[in-house]
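Work through the exercises below with the sequence and the structure side by side, and try each task before you read its solution.

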Amino acid sequence: MKTSSDRVFMPVKSTDTELLRRFEPVVKYTKGEQFFPFDVDRYVSECSLWAHYPDGREEPLVPQNEMSLEKLVEERPATFGTIHFLRFIETLSLSESALALTQQSRLRRKLHNQFHVGMGRLARGGFLARITDALFSLSLLMRGKVSPATAAAAELTYERMHEKEEKYTYYGRVVRQNGWIVLQYWFFFCYNSWRSGFHGVNDHESDWEMITLYLYEENEKLYPEWAAYASHDFHGDDLRRRWDDSDQLDIINGHPVVYAGAGSHASYFRPGEYQAEVSLPLPTWLSGITKALNKFWTDSLGQPEGNPFRIPFVDFARGDGLSIGDEQEHAWSPVVIDDSVLWVSQYRGLWGLFARDPVSGENAPAGPMYNRDGSPRSSWYDPLGFAGLDKTPPPPQALKLLMDNNAEINQRQQELNTLIPQKAAELQVMGMKLKGLEDHPHLAKIYALLQKRINTSAEELKNLRRERMENGALMQGLSQRLKQIEAGIEDNPHAHIQHMAVPVESVEMRHARAAETWAAISLSLMFFAIAALVFLAPAYFWAGVAAILILFVVVESILRGAFIQTVARVTLILALITSVILVIEFWKIILVALLVILGIFLMAQRLRELAN
Amino acid sequence: MGKKKNKTGEKRPVAVTVIAIGIVVLFFVRIYQSIKPLAEENSLRNMQTEPIFLDGILTPHGQAVLESLLYLILAIGLIIVLLGFLRMRRWTWVFLMAWVGFSMVVGLEDYFYFGDPNFVIMASDVVIAFALSQADVQRIFKIRSDTGEDII
């Protein structure tokens, strides 16, 4: 059995607040982070409440200086398609924007809170990824986005409120589900500055992040078993780590450690820089073609996977900045929430600006209980399923469940052992009867009926025998598992993880400075070269573009130390184009050759058969 | 795919043999291309009498000789690559891939702009390029690791 003596625990009669406090996380931020967990009431009092109507109209419902949590949850009937949203920063004039941006720089210098980017994300991705990235930047011009001035004003407003009262709040929730005691810690941020502050994917007003701990009860004590952190690109089982998985989960005095992504506030188990990949929002038909080409590239040509329409972004979760929690420089101010808290359950709108971004990246999120479209958030109503834990019983119940299951199968085996010989004997009797009916034409009807019954019984018998066989194998597996649990042998703590978030290794590039510079200017240089080509040699436009592209890709590959891979990929693409040309030019010859080869093959086969 | 063993005991994929045949085909094409300009200019007959340069400028005979020499060097180069390739040297894989890539760029340029491509060379290049891209060929030439990752 699992020995619990050396593990942190809480008495089963502990209050929700005591439980939350005992296991509250230590969150370590990256140096340069501008926004930390904040309390919603102070944030809401700084906001105005708006409605966005389906016809595109926007209307203020509650002005900025009159806003409160009570006002937020007031009943507001509206037509389908209406979106309610808060506005943390009001529309800025040109002069206000300039002022905000200047004051932001001053503030950062004053706080000595400058972010050091290290190797830029552009140098981490290849040339094609950079082209896609340029398209992504262009897409932001067409989609709605939060302006840099809004980000600056948000930072200044947050800093003003933070200076007035320095407080780091989490919203804790305790749920009991299927034998598990679930502790959820929700963190609210005034702003997500991933794009404007850390070269990430998006910016939006307000941000909600969450981690969940799963405890089980044994001998009147509650023990933590799993920790699940919400993170980009991962879901289900991949989100959780076992409490004793010291490779993956840092624990300080019984408090799990979270490394928060700079600006994005995503939670990670290990400190480092995580490469998040974002797909360019493509039309369905183009995305289908890309998928088919990718499949052909990997499956048919056996080449390594790669999608040029995915852009690498870095989430910096270095953990070298401010940290909050037990024995850290700052302590938590916990607030317990549940469904009865009105701002949690009654406000279904967005907690910040609705930027009219159709792919939602720049729109503010909804609260802990809801998605942006107002539907319930699965992590709220199904915290077990959220981390793939709905199929896993708490450890003390696992043994009993397994034994019950084993006993059930055992009993069924006994039944089968009796049933199968009975059925087999019945079948033999029917077979004998059938034999007796043969050669008697007047008994044809009875013969047919009996034959039908025999076929059904034979099928039944076959299924019973298969079931007995399968149960035997199942029992063997269950017995082994039972022995393993009884002997207290733990599973591999990573066995449930299919995709593990792993920080990228610090890449040592040849000529790193040159590679960085090249990454920054290469795309523009390519456009200049193409412009020169249009001007100087328009007759050779396509050949010139191909040559320029190849030249840039080759220079890039040399700087990145990937010359061989690049040569291989470029040559393979050229081979595909050339093969298409050859097929077009010689389709008749190819068809004739194929027919002749097929004819020879078939003839050889038949002649060999004849000779034998 | 069937495999043969070379002298060092490493298994040689059939694709390697296909590539070797492709190189041999290219070798003969290059030999033909090296003889063709000389034959067209009757240079073989006039080798002793006609000058290569006249007033510091290449004569038609000189141009034919130079062109022929170029193709001959290419043919000899192919033999060297072939030898290295059969011994499964890594550099030959890289060299051949780059060569074939360059050759295909020239072939495509000929096709789209001059309408006079050499389809035999284009076909050989395609066969060689596809054969070189086979996972087991890349593994045996230490371009790709056994787990499928690229070895830079």
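**Exercise 1: Strand partners in chain A**

F188(A) stands opposite W208(A), which belongs to β8(A). Keep in mind throughout that this is a predicted model.

Task: Find how many bridges join β7(A) to β8(A), and in which sense these strands run.

Solution: Begin with strand β7(A), residues 180-192, and follow its pairing with β8(A), where twelve bridges join the two strands and the sense is antiparallel. Next, turn to β9(A), which pairs with β8(A) over eight bridges, again in the antiparallel sense. Within this second pairing, T212(A) has A228(A) of β9(A) as its bridge partner. Finally, look at the hairpin of β8(A) and β9(A), where two residues lie between the strands and N219(A) takes a positive phi near 50 degrees.

**Exercise 2: Surroundings of a tryptophan**

Task: Decide whether W226(A) is buried or exposed.

Solution: First locate W226(A) in strand β9(A), which spans residues 221-229. Then count its C-beta neighbours inside 10 Å: there are 25, and because a residue with 20 or more is called buried, W226(A) counts as buried. Beyond its neighbours within four places in sequence, its contacts include Y214(A), R240(A) and W243(A).

**Exercise 3: Two helices of chain B**

Task: Work out how α1(B) and α3(B) are oriented to each other.

Solution: Take helix α1(B), residues 14-40, and helix α3(B), residues 60-86, whose axes are 8 Å apart and make an angle of about 165 degrees. Since angles over 145 degrees count as roughly antiparallel, that description therefore fits α1(B) and α3(B). By class, their contact has 20 nonpolar, three polar and three charged residues.

Note on methods
Residues numbered from 1 in each chain as written. Chains lettered and ligands numbered in written order. Predicted model: local features only at pLDDT ≥ 70, side-chain atom pairs only at ≥ 80, totals over all residues. Axes fitted to C-alpha atoms, helices over the stretch in contact; angles between N-to-C directions. Helix = DSSP H or I, 4+ residues; strand = E, 2+ residues; numbered from the N terminus. Parallel < 35°, antiparallel > 145°, perpendicular 65-115°, else oblique. Nonpolar A, V, L, I, M, F, W, Y, C, P; charged D, E, K, R; others polar. Buried ≥ 20, exposed ≤ 12 C-beta atoms within 10 Å, placed from the backbone. Contact = placed C-beta atoms within 7 Å. Pairing = 2+ DSSP bridges.
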